[in-house]
Amino acid sequence: ANKFDSSSSVMARRQAMTSLFGGSIAFLGASAANALDMDAFANSQLEADEKNCNPKVDPKCAPPMTKDEALCKYGQSGEARGDACKRVKQAGGSLPSAKPQGKSLGGAYAM
């Protein structure tokens, strides 16, 4: 009877371990599937954003500038910027508008 008791306790331990590890494996499998679903969802949202992009509203969707456009818009005044603006205008692009600089503070601030 003593052998029977020890073998039943071994079997009970095996069943407990199997149920414990079996549940954790099922949980890990489900979390991996959920991660793949989240990746697919995120990718579909990014694709939808790219398709429905409006450059007038969202500056991130504007097409990238050429080197001449960037130099004409943001460059330092000088001959290179003037030449770049001429090339942009010849290509049919728009030139940056002259922005008002505001009122001069004068006096000690104008150094």
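This passage describes the packing of helices H2 and H3 and the disulfide that joins them in a predicted model.

Two packed helices are described by the angle between their axes and the distance between the axes. In this model, helix H2, which spans residues 67-74, packs with helix H3, residues 79-90, at an angle of about 125°, and the two axes lie 8 Å apart. The helices are therefore oblique to each other, an angle counting as oblique when it falls outside the ranges under 35, over 145 and 65 to 115 degrees. The crossing in which H2 passes H3 is left-handed. On the H2 side, the contact is made by Asp-68, Glu-69, Leu-71, Cys-72 and Lys-73, which meet Ala-80, Arg-81, Ala-84, Cys-85, Arg-87 and Val-88 of H3. Of the residues in this contact, six are nonpolar and five are charged, while none is polar.

Cys-72 and Cys-85, both of which take part in the contact between the helices, form a disulfide with their sulfur atoms 2.0 Å apart, and the structure holds one such bond. The disulfide links distant parts of the chain, with Cys-72 located in helix H2 and Cys-85, 13 residues away, in helix H3. The torsion about the S-S bond is about 105°, and the disulfide is therefore right-handed. With a relative accessible area of 1%, Cys-72 is buried; Cys-85, at 16% relative accessibility, also counts as buried, because the cut-off for this class is under 20%.

Definitions and conventions. Residues are numbered from 1 along each chain as its sequence is written. This is a predicted model: local features need pLDDT of at least 70, side-chain atom pairs count only at pLDDT 80 or more; totals for chains, interfaces and linings use all residues. Side-chain values use heavy atoms; hydrogens and water are left out. Axes are lines fitted to C-alpha atoms, for helices over the stretch in contact, and angles run from 0 to 180 degrees between N-to-C directions. Helices (H or I, at least four residues) and strands (E, at least two) are DSSP runs, numbered from the N terminus. A crossing is left-handed if the near helix is turned anticlockwise from the far one by less than a right angle, and right-handed if clockwise. Contact means heavy atoms within 4.5 Å. Ala, Val, Leu, Ile, Met, Phe, Trp, Tyr, Cys and Pro count as nonpolar, Asp, Glu, Lys and Arg as charged, and the others, Gly among them, as polar. A disulfide is a pair of cysteine sulfur atoms within 2.5 Å. Buried means under 20% relative accessible area, exposed over 50%, partly exposed in between (1.4 Å probe, protein chains only).
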